[in-house]
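Colleague: I am new to this structure and would be grateful for a close look at a single part of it, namely the aromatic pairs.

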Amino acid sequence: MSEKLKVGILGGTGMVGQRFISLLENHPWFEVTTIAASERSAGKSYKEAVGGRWKMTTPMPDSVKDLVVMNVNEVEKVASQVDFVFSAVDMTKEEIKRIEEEYAKTETPVVSNNSAHRWTPDVPMVVPEINPEHMKVIDFQKKRLGTSKGFVAVKPNCSIQSYAPVLTAWKAFEPYEVVATTYQAISGAGKTFKDWPEMIENIIPYIGGEEEKSEKEPLRIWGEIKDGVIVPAVSPVITCQCIRVPVLNGHTAAVFVKFRKNPTKEELIEKLVSFKGLPQELNLPSAPKQFIRYLEEENRPQVKEDVDFENGMGISVGRLREDHIYDWKFVGLSHNTVRGAAGGAILCAELLKAQGYIAHK
């Protein structure tokens, strides 16, 4: 038997599913052995099911081309083939909640990129460098589900990755009020310019549901476990606008912050570049060596220059300067489908394996 854990990708034909498959090629711990998708793709080889819709810049891995796609709704059948699954299914929120719990009840851990379970009180929503201790709520979730190994864990929204880690690094200075505007890439909607030509030379100042997620999800990440559930923090308060821009990959945030304490620019930068978390301590395979970097140039970070920092798993920050209304302002950049989606979920799975929550069945 292979030493690697056998992984299934639920929703493997979509953009995030493709990103999972691309990032997991040659992974030292995990091997994609099963791909499940909708009924219309089931029974076809993966190469046939995707057809001309492969959206990654790297070629489709040879190891998955001939895998026969399974029907994602045949839960017991799919679950019997794998040690755990990544979920990137394209369904309604209620359908996603139901199917992810169905997989969990087969004693199959589910690490989800979807938003459906982000506010389920006993489901951990984790950025591994920020709140790895939230994985402990899984023990309470298992009691609710009646499982010994099965559970659901999720990663947060892609839009918060460019500023929530920064605010976390500055926690000692007590940020209490934040204004953020995110400029979000089209791949966040699962699109390329080929299939969304109206985005060329265009900006759309609305992304459904995104502003609420961007304001509320950081507070859940900064919360704590009480009586078997995650209780969100109440500060800092965040207000956000989310704008779709003509960029393929990379979410940029322009952020204004008020602090209760009075940090200097040098202190703020030092906190950023020295910020590390459990993934760095454990040297997890997908963990960036440098989680957050600060760029001194006035015109950075830029998507073209900086989005792939640390293989897309690092955060780039620049333009930190004092503000005459707020205390400080900065610009942050993160890769929305790597750190913000599939890569962030893979790092969660690596953390769960290291913590003993994911193992061979």
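Modeller: The following account turns to the aromatic pairs after a few words on the model and the whole protein.

This is a predicted model, in which local features need pLDDT of at least 70 and side-chain atom pairs count only at pLDDT 80 or more, while totals for chains, interfaces and linings use all residues. Residues are numbered from 1 along each chain as its sequence is written, and side-chain values use heavy atoms, with hydrogens and water left out.

Of the 361 residues in the protein, 57% are buried (under 20% relative accessible area, with a 1.4 Å probe and protein chains only).

A pair of aromatic rings is described by the distance of the centres and the angle of the planes. Rings of Phe, Tyr and Trp (its six-membered ring) pair if their centres lie within 6.5 Å; planes under 30 degrees apart count as stacked, over 60 as edge-to-face and the rest as tilted. The structure holds twelve such pairs. In one of them, the planes of Tyr-46 and Trp-54 stand at 90 degrees with the ring centres 6.4 Å apart, so this pair is edge-to-face. Tyr-46 is buried, at 0% relative accessible area, and Trp-54 also counts as buried, at 18%.

Phe-275 and Phe-291 form a tilted pair, with 6.0 Å from centre to centre and 35 degrees between the planes. Distant parts of the chain are linked by this pair, whose members are 16 residues apart. Both Phe-275 and Phe-291 are buried.

Finally, one aromatic cluster is formed by Phe-20, Trp-29, Phe-30, Phe-84 and Phe-86.

Conventions: Buried < 20%, exposed > 50% of the residue type's maximum accessible area, 1.4 Å probe, protein only. Helix = DSSP H or I, 4+ residues; strand = E, 2+ residues; numbered from the N terminus.
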